[in-house]
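Here are some exercises to work through with the model open in your viewer. Try each task before you read its solution.

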Amino acid sequence: MPEALDYRLPSRATPMPSAAGLRFSFEFFPPASPLAEERFWRALRELEQFDPPYVSVTYGAGGTTQERTLRAVRRILDETSLAPAAHLTCVGASKSEIQRIAEGYWADGVRHVVALRGDPPKDSPDFTPHAEGYAFAADLVAGLRQVADFEISVAAYPEVHPQARSADADLDNLKRKLDAGATRAITQFFFDPDDFLRFVDRARAAGITAPIVPGILPIVNFKRTLEIAATCKAAVPSWLCALFEGVQDQPEVRDPVAVSVAADLCRYLVARGVEDFHFYTLNRADLTAAVCRLLLCEAFVANDLHGHAPVAARAAG
Ligand SMILES: Cc1cc2nc3c(=O)[nH]c(=O)nc-3n(C[C@H](O)[C@H](O)[C@H](O)COP(=O)(O)OP(=O)(O)OC[C@H]3O[C@@H](n4cnc5c(N)ncnc54)[C@H](O)[C@@H]3O)c2cc1C
């Protein structure tokens with residue numbers, strides 16, 4: 001008989017990730033309508049309980065959401081105690097325009113930028129840099145370093161970026177981004193945790209010492225996930241297709257399956273020493289919150305931390 005799990009945890013309060021030795025950060029996209037805005041804020045507030053070191057806000061493909069990204073980031077600064085990380089891409093902007101945006105971020109109090117080359121607009125699939133712009137994220141990182149002392153995160157690809165000449169060339173590129181002044185890599189999503197672990201091993205062997213944070217995608221919509229995975233060449237295992245087959249329109253089945261898949265992925269990584277996780281929330285808090293709660297409860301049990309006074313009791317003195 002397997003030993004029963006003992007979830008002796010505070011019944012109402014969520015344990016803090018730091019007490020469990022874990023850190024969760026969350027990615028959102030900037031809302032495009034009043035309804036989406038409401039959902040974005042609800043999700044952000046719901047996930048605030050996990051005390052994220054930062055919450056990041058994407059910059060639309062083709063540089064399309066610049067204003068919305070700025071607005072969302074400013075509101076996070078004004079109305080919450082969260083630290084926003086503003087995504088910034090090279091797409092469609094000259095170096096001086098990017099400098100102006102970065103200066104505006106710094107003046108507003110943004111201290112963390114996720115620096116990316118960006119994806120081109122849908123109607124022109126090949127990336128063509130702006131005539132007076134940055135061609136690659138490494139150049140953007142160097143440019144941002146000239147503007148201010150930002151904390152800079154960059155993208156990494158456990159399954160290799162689709163336009164890379166080779167896996168080694170892609171790793172060299174990650175190293176260039178870090179050498180240019182980035183301090184952390186956040187990965188593209190993946191479904192085989194060994195892809196991530198092998199990638200980290202290769203990066204360490206190549207002399208990369210910066211944190212490499214796994215990007216975790218709790219699956220909100222499987223069909224859409226397949227489309228995105230095809231674009232960024234992330235492998236979708238056949239067992240995953242089987243799990244979601246026929247349940248896309250049954251949220252009461254689909255959502256627990258999505259939570260279970262993401263939690264299993266994270267558990268595997270936690271068991272191998274991973275402590276930081278970056279969740280692609282797609283502006284939905286429920287799936288990500290469920291995964292975080294499971295991981296925290298399990299970490300508390302595994303580390304025998306449940307003898308601690310419940311968070312609520314400690315807060316009350
Ligand atoms: C965590 C994360 C967040 C993201 N957020 C956004 C977002 O907000 N908005 C958005 O539009 N996209 C976003 N993306 C997607 C990203 O913009 C795309 O994956 C894009 O195609 C590559 O961006 P990059 O910063 O990795 O580019 P780079 O690091 O510049 O690499 C792009 C490609 O060029 C190659 N390369 C780099 N330097 C050279 C060189 N000197 N010579 C030849 N080849 C080179 C690399 O190997 C790679 O194949 C995100 C991705 C991740 C993982």
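A residue counts as buried if 20 or more other C-beta atoms lie within 10 Å of its own, as exposed if 12 or fewer do, and as partly exposed in between. Keep in mind that this is a predicted model.

**Exercise 1. The overall picture**

Work out what share of the chain is buried, and find the arrangement of the strands.

Solution.
- Start with the inventory: the chain has 11 helices and eight strands.
- Next, apply the burial cut-off: 39% of the 317 residues come out as buried.
- Now trace the sheet. The eight strands form a closed barrel in the order β1-β2-β3-β4-β5-β6-β7-β8, with parallel pairing. On average, neighbouring strands in this sheet are turned by 30 degrees against each other, direction ignored.
- Finally, look at the contacts with a separation of 6 or more: 81% of them are between residues 24 or more positions apart.

**Exercise 2. Walking round part of the barrel**

Find how many bridges join β3 to β4, β5 to β6 and β6 to β7.

Solution.
- β3 and β4 are parallel and share five bridges. For a landmark, take T89, which sits opposite L116 in β4.
- Lying across these two strands is α3, which runs at about 175 degrees to β3.
- β5 and β6 are also a parallel pair, this time with four bridges. Here V154 faces A185 in β6.
- A185 then takes you on to the next strand, since its bridge partner in β7 is I212. β6 and β7 run parallel and are joined by three bridges.

**Exercise 3. Two enclosed strands**

Decide whether β6 is enclosed or open, and then say which residues of β7 sit on each of its faces.

Solution.
- Count for β6: six of its six residues are buried, so the rest of the structure largely encloses this strand.
- Do the same for β7 (residues 212–216), where five of five residues are buried.
- To split β7 by face, recall that side chains in a regular strand alternate between the two faces of the sheet.
- For β7, that puts I212, P214 and I216 on one side and V213 and G215 on the other, and both faces are covered.

**Exercise 4. Helix α4 and the core**

Which residues of α4 are buried, and what covers them?

Solution.
- In α4 (residues 137–147), the buried residues are A137, A138, L140, V141, G143 and L144.
- The cover over them includes α3 (95–108), β4 (112–116), β5 (151–156) and α5 (167–179).
- Zoom in on G143: it counts as buried because 21 other C-beta atoms lie within 10 Å. Leaving out residues up to four places away in sequence, G143 touches K95, I98, Q99 and Y134. Its C-alpha atom is 9.7 Å from that of G181, 38 residues away along the chain.
- Then come at the helix from A115. Beyond its neighbours within four places in sequence, A115 contacts L88, A137, L140, V141, L144, I152, V154 and A182.
- A115 also belongs to the largest nonpolar core, which has 85 residues; V113, A115, V141 and A262 touch the most other members. In soluble globular proteins, nonpolar side chains tend to be buried together.

**Exercise 5. Around the ligand**

Which element gives the largest share of the shell around the ligand?

Solution.
- 24 residues surround the ligand, and the closest are T58, H87, R117, A137 and A155.
- Two or more residues each come from β3 (84–89), β4, α4, α5 and β6 (184–189).
- The largest share belongs to α5, with four residues.
- By type, the shell splits into 11 nonpolar, nine polar and four charged residues.

**Exercise 6. Positive phi**

Check V160 and K233: where do they sit, and what are their phi values?

Solution.
- As background, most residues other than glycine have a negative phi.
- V160 goes the other way, with phi near 75 degrees. V160 is in the loop between β5 and α5, and it is partly exposed because it has 18 other C-beta atoms within 10 Å.
- K233 has a positive phi too, about 60 degrees. K233 lies in the loop between α7 (222–232) and α8 (238–244). With 14 C-beta neighbours inside 10 Å, K233 is partly exposed.

Conventions: Residues numbered from 1 in each chain as written. Predicted model: local features only at pLDDT ≥ 70, side-chain atom pairs only at ≥ 80, totals over all residues. Contact = placed C-beta atoms within 7 Å. Near = placed C-beta within 6 Å. Nonpolar A, V, L, I, M, F, W, Y, C, P; charged D, E, K, R; others polar. Pairing = 2+ DSSP bridges. Axes fitted to C-alpha atoms, helices over the stretch in contact; angles between N-to-C directions. Core = buried A, V, L, I, M, F, W, Y, C linked by C-beta atoms within 7 Å.
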